[in-house]
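Reader: I would like a close look at one part of this protein, taken slowly. Please pick the sheet and what lies around it.

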Amino acid sequence: MRIGIIGAGAMASALGGGWAAAGHEVRIGARSADSARALAAEINAVRGGSLPHDHRQVDANGTPAAGLHPADPATVLGSTPVDATTIDAAIAFADVVLLAVPVSALTELLSAHGHDLAGKVVIDCTNAFLPDESAPEGVTAFVLSEDAVAERIAAAAPKAHVVKAFNLIAAEVWAGTDRVFDGVRLAVPICGDDPEAVRTVAQLAEDLALQPFLAGGLHRARYLEATSVFTVGLWFAGCDARAMLPPLSAAFAVADA
Ligand SMILES: NC(=O)c1ccc[n+]([C@@H]2O[C@H](COP(=O)([O-])OP(=O)(O)OC[C@H]3O[C@@H](n4cnc5c(N)ncnc54)[C@H](OP(=O)(O)O)[C@@H]3O)[C@@H](O)[C@H]2O)c1
């Protein structure tokens with residue numbers, strides 16, 4: 001698959017590194033040519049090692065740190081080097097575009113490039129977090145600065161096939177190789193209106209050794225956005241958000257007939 005990534009930060013590195021390692025053609029398009037080049041070089045340097053979310057994983061020569069193993073999930077060698085390019089060129093190249101930028105960048109980005117996204121699968125992994133001013137002194141908590149970012153993207157790029165995914169979990173986790181926790185494979189809820197686009201993103205999740213959960217249309221993406229801000233707040237408060245939810249087998253008091 002041809003994947004254009006807009007942004008050259010933590011999410012671009014984590015997801016772009018994983019997809020490149022899985023054999024996809026990835027181009028990084030950033031407003032800073034230096035940042036795009038640096039990320040492409042970092043990903044290319046560690047391919048065959050592990051996923052490059054963190055410069056500490058590679059030494060000055062780009063060699064993977066000890067302990068990282070090519071046989072880990074999502075570390076299969078890809079065949080095409082990752083390229084750095086402009087935002088325009090990354091979009092033009094791509095079948096799938098990942099928007100890996102802050103929400104505050106979206107208005108400008110979409111007004112310049114919204115039309116170019118027509119016909120493409122656009123993955124929105126963004127979170128509109130703001131500090132929660134009402135949180136007690138010393139407590140880190142967040143609220144959403146807006147309720148429905150994915151729907152806003154779809155309105156600004158009406159011919160794109162927008163899919164919300166990968167926003168729930170930290171870049172470090174996507175970049176890592178741990179995929180099964182307490183016997184359960186890590187899942188990616190996916191919301192989108194175009195079935196083919198959703199299938200494409202589900203495949204991209206599987207390519208990262210993740211389990212796709214098809215979670216409904218784009219109108220439900222706002223629940224993923226709210227879930228993210230809520231669970232991150234719990235994690236910052238030292239609560240294991242996973243403990244809120246029983247396994248499926250125990251999820252209902254009365255079993256279905
Ligand atoms: N990091 C996580 O753990 C995580 C997890 C889930 C979701 N997310 C979401 O994923 C998105 C990206 O997060 P990130 O952690 O990758 O951010 P990041 O590391 O700060 O990188 C953001 C990238 O966006 C670029 N950018 C900023 N403003 C821009 C603009 N106006 N036009 C074009 N590019 C612009 C930055 O370029 P410059 O370097 O030039 O500023 C940088 O390359 C955010 O919406 C975030 O909420 C992040």
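Author: What follows goes through the sheet, strand by strand where possible, and then turns to its surroundings.

The model is a predicted one. The protein has 8 helices and 12 strands. Of its 257 residues, 46% count as buried. Among contacts between residues at least 6 apart in sequence, 72% join residues at least 24 apart.

The sheet in question is open and has 8 strands, in the order 3-2-1-4-5-8-11-12, with mixed pairing. At its edges stand strand 3 (83-85) and strand 12 (211-214); each has a single partner strand, so one side of each is left without a neighbour in the sheet. On average, neighbouring strands of this sheet are turned by 25° against each other, direction ignored. In general, the strands of a sheet pair through backbone hydrogen bonds, either parallel or antiparallel.

Now look at the run 1-4-5 within that order. Strand 1 (residues 2-6) pairs with strand 4 in the parallel sense, over 4 bridges. In this pairing, isoleucine 5 is opposite leucine 98 of strand 4. On to the next pair: strand 4 (residues 96-99) and strand 5 (residues 121-124) also run parallel, joined by 4 bridges. Valine 96 has valine 121 of strand 5 as its bridge partner, and valine 97 stands opposite valine 122.

The side chains of a regular strand alternate between the two faces of the sheet. With that in mind, take the faces of strand 4 and strand 5 in turn. In strand 4, Val96 and Leu98 are on one side and Val97 and Leu99 on the other; all are buried, and both faces are covered. Strand 5 is likewise covered on both faces: Val121 and Ile123 on one side, Val122 and Asp124 on the other, are all buried.

One element that lies across this part is helix 5 (residues 149-156). Helix 5 lies across strand 4, strand 5 and strand 8, and runs at about 170° to strand 8. Alanine 160 is found in the loop between helix 5 and strand 8. Its relative accessibility is 11%, and because buried means under 20%, alanine 160 counts as buried. Leaving aside neighbours within four places in sequence, alanine 160 is in contact with Leu117, Ala118, Gly119, Lys120 and Val122. The last of these, valine 122, is 38 residues away from alanine 160 in sequence, yet the two are 6.5 Å apart in space, C-alpha to C-alpha.

After strand 8 (161-164) comes the loop that leads to helix 6 (171-175), and phenylalanine 166 is placed in this loop. Phi of phenylalanine 166 is near 70°, a positive value in a residue other than glycine. Phenylalanine 166 counts as buried, at 1% relative accessibility. Aspartate 182 makes a useful contrast. Its phi, near 50°, is also positive in a residue other than glycine, and aspartate 182 lies in the loop between strand 9 (180-181) and strand 10 (184-185). However, aspartate 182 is exposed, with a relative accessible area of 71%.

Another residue to place beside the sheet is glutamate 225, in helix 8 (residues 221-236). At 2% relative accessibility, glutamate 225 counts as buried. Apart from neighbours within four places in sequence, its contacts include Asp124, Asn127, Asp147, Lys164 and Asn167. Asp124 is one of the buried residues of strand 5.

Last comes the empty space. Rolling a probe the size of a water molecule over the atoms shows where empty space is left. The count comes to 2 cavities of 30 Å³ or more. The second largest cavity has a volume of about 30 Å³. Its lining is made of Ile6, Ile87, Ile91, Leu99, Leu109, Leu110, His113 and Leu117. Helix 3 (87-93) and helix 4 (106-113) are the elements that give two or more residues to this lining, and helix 4 gives the most, with 3 residues. By class, the lining has 7 nonpolar residues, 1 polar and no charged ones. Two names in it have links to what came before: Leu99 is one of the buried residues of strand 4, and Leu117 is among the contacts of alanine 160.

Terms used:
Residues numbered from 1 in each chain as written. Predicted model: local features only at pLDDT ≥ 70, side-chain atom pairs only at ≥ 80, totals over all residues. Heavy atoms only, no water. 1 Å grid on protein atoms, 1.4 Å probe; cavity = no way out; pocket = protein on both sides within 12 Å on 5 of 7 lines; lining within 4 Å. Points joined across faces, edges and corners; volume = space filled by probe spheres on them. Nonpolar A, V, L, I, M, F, W, Y, C, P; charged D, E, K, R; others polar. Buried < 20%, exposed > 50% of the residue type's maximum accessible area, 1.4 Å probe, protein only. Pairing = 2+ DSSP bridges. Axes fitted to C-alpha atoms, helices over the stretch in contact; angles between N-to-C directions. Contact = heavy atoms within 4.5 Å.
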